[in-house]
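User: I should like to learn how to read local features in a protein model. Could we begin with the backbone and proceed to the ligand site?

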Amino acid sequence: MRNFENVDGQMLIGGVRASEIVRKYGSPVYVTDEDAVRSNFRAIFNAFDRRMPTRINYACKANTNLAILRILEQEGSCIDAVSIGEVEACLRAGFSPDRIMYTGVNVSTPELKAVAALRVPINIDSFSELERLAMIDPGLPISIRVNPEVGAGHHEKVVTGARSTKFGVPRDRIVAAYAEALQLGFRPKGIHCHIGAGVQVVEPFVQATEVLVSIVQELEKELGLRLEFIDIGGGIGIPYRPEDHAMDLDLLAEGITSLIKNGTSVRRVVLEPGRYIVADTTVLLTTVVDVKETPDKKFAGVDAGMNTLVRPAFYGSYHHVAVANKLGMPPEATYDIVGPICESGDHLAKDRALPRVEEGDVICVYDAGAYGFSMASNYNMRPLPREVLVHKGTMNLVRESETIGDLLRYQRIPSRLML
Ligand code: PLP
């Protein structure tokens, strides 16, 4: 959670008043502060790179806005992409193919061919994928994703490293997978795992690194294979609630890198943070359109809903909220912030003590930069909102909003139904 500047009760984001952004670009709108993206990237890169050579593969599933990708390209980031669409977006933003790693799950052969044709290194998820890629291009750089049997995360839906999940090659088959890769003509470069998302503590990352280190040792001993990198995945949590603690990056970096340096000859550590880099760089601004009191509750109805930011409805996630045009004013009542979608699960925040909320007020939903826009939908036929980049007092529109015409464009009514 960032602290925003408060001038006479008005929230400033990157030097611009929130109410001014809404006046200019409409509501709802996602707003990203460029400096925050740069400083988050530098914080995590430096914490690791001062200990051993480091590559950050920004997990762009968190946010694929092209302007954000450009900023990270300029910072020297690399990319973790999970679909051909993400690969194409990153190429468009200026990343060269060798700075992208494709980590798919249940990858179709057409998608595998498309990624291989772009010369993007592939992180293999299964024996089937390995064998199908061998028929396409065994010269492509690959790594293999292991299921480390260490899982963690803010919600059961985002725990990926547990034994029971669909991800990666099982721990007890991983040496066989590398043996088969060598036999098929590949020269594997690294090993990868990803334990889950929104992990607030260091221990699971250390446990997963221990698993990777022991596999690297087995690969050297049994296959004579020396890997260039260990990729510990992403999943570093952020403090969404005021009482949450930020991850101690030094402790995390020391725990991971010391195991790799002491236990292997691997020279590079790779991380795939998504949330850590972008979550707190972006807010969702939404306008109060209706205030309703029922016998049990006060509802502040806003023009953004689970279609705009699904995390609260989908995971029960907490996002801090404030009234951006009444910042710092004392709370007067407790509100649920609810949207225009026809589901009772459509809420952005529950039971929040806020200053008196009135129609026309602008609600700021914090920490919306990761899995906010990228998980937004057109549910209830609602167009996706605008995205704006702010930088030291300037504003740029970095995504136009959709129109209802855009939503109808791809539908077809068979002519026999028009009679
Ligand atoms: N890497 C992989 C393989 C993932 O599946 C994910 C998230 O699902 C990430 C990295 C990024 O996770 P986070 O945004 O929590 O850092």
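Analyst: The model shown here is predicted. Let us begin with R119, which counts as partly exposed because its relative accessibility is 45%. R119 belongs to the loop that runs between helix 5 (109-117) and strand 8 (122-124).

User: What is the phi of R119?

Analyst: As a general idea, most residues other than glycine have a negative phi, and most peptide bonds are trans. In R119, phi is near 65°, a positive value in a residue other than glycine. D367 has a phi near 55°, again positive and in a residue other than glycine.

User: Where is D367 placed, and is D367 buried or exposed?

Analyst: D367 is in the loop between strand 19 (362-365) and strand 20 (386-391). The cut-off for a buried residue is under 20% relative accessible area. D367 has a relative accessible area of 2%, so it is buried.

User: Which residues does a cis peptide bond join?

Analyst: The general idea is again that most peptide bonds are trans. Here S27 and P28 are joined by a cis peptide bond, with omega about 0°. P28 is found in the loop between helix 1 (18-25) and strand 4 (29-33).

User: How should one read the burial of a helix? Which residues of helix 3 are buried?

Analyst: In general, an α-helix has 3.6 residues a turn, so residues three or four places apart point the same way. In helix 3 (residues 66-75), seven of the 10 residues are buried, so this helix is largely enclosed by the rest of the structure. The buried residues are A67, I68, L69, I71, L72, E73 and E75. At the start of helix 3, the backbone nitrogen of A67 has a side-chain oxygen of N65 within 2.8 Å. Just after helix 3, G76 adopts a positive phi of about 95°.

User: Sequence separation and spatial separation are also of interest. How far apart in space are the C-alpha atoms of R50 and A253?

Analyst: The two separations are best read together. R50 and A253 are 203 residues apart along the chain, and their C-alpha atoms are separated by 9.3 Å. R50 lies in the loop between helix 2 (34-49) and strand 5 (54-59). With a relative accessible area of 58%, R50 is exposed. Its side chain makes a polar contact of 3.2 Å with the side chain of D250.

As a second case, S317 and L118 are 199 residues apart in sequence and 37 Å apart in space, C-alpha to C-alpha. S317 is in the loop between helix 11 (311-315) and strand 16 (321-323), and S317 counts as buried at 12% relative accessibility.

User: Let us turn to the ligand. How many residues surround the ligand, and where does the ligand sit?

Analyst: One reads a ligand site by its location, its shell and its individual contacts. The ligand sits in the largest pocket. It is surrounded by 14 residues, the closest being G235, E272, G274, R275 and Y371. By class, the shell has five nonpolar, four polar and five charged residues.

User: Which atoms of the ligand lie 2.5 Å, 2.8 Å and 3.2 Å from protein atoms?

Analyst: A polar side-chain atom of Y371 lies 2.5 Å from an oxygen atom of the ligand. For R275, a backbone N or O atom is 2.8 Å from an oxygen atom of the ligand. A polar side-chain atom of D80 is 3.2 Å from a nitrogen atom of the ligand. Taken alone, the ligand exposes 400 Å², of which the protein buries 91%.

Key: Residues are numbered from 1 along each chain as its sequence is written. This is a predicted model: local features need pLDDT of at least 70, side-chain atom pairs count only at pLDDT 80 or more; totals for chains, interfaces and linings use all residues. Side-chain values use heavy atoms; hydrogens and water are left out. A residue is near a molecule or strand if one of its heavy atoms lies within 4 Å of it. A polar contact is a pair of N or O atoms within 3.5 Å; within protein, one must be able to donate a hydrogen and the other to accept it, and residues adjacent in sequence count only if both atoms are side-chain atoms. Accessible areas come from the Shrake-Rupley method with a 1.4 Å probe; for residues, only the protein chains shown count as cover. On a 1 Å grid over the protein atoms alone, a cavity is a set of points where a 1.4 Å probe fits but cannot get out, and a pocket is an open set with protein on both sides within 12 Å along at least five of seven lines; lining residues have an atom within 4 Å of a point. A molecule sits in a cavity or pocket if more than half of its atoms lie within 2 Å of its grid points. Ala, Val, Leu, Ile, Met, Phe, Trp, Tyr, Cys and Pro count as nonpolar, Asp, Glu, Lys and Arg as charged, and the others, Gly among them, as polar. Buried means under 20% relative accessible area, exposed over 50%, partly exposed in between (1.4 Å probe, protein chains only). Helices (H or I, at least four residues) and strands (E, at least two) are DSSP runs, numbered from the N terminus.
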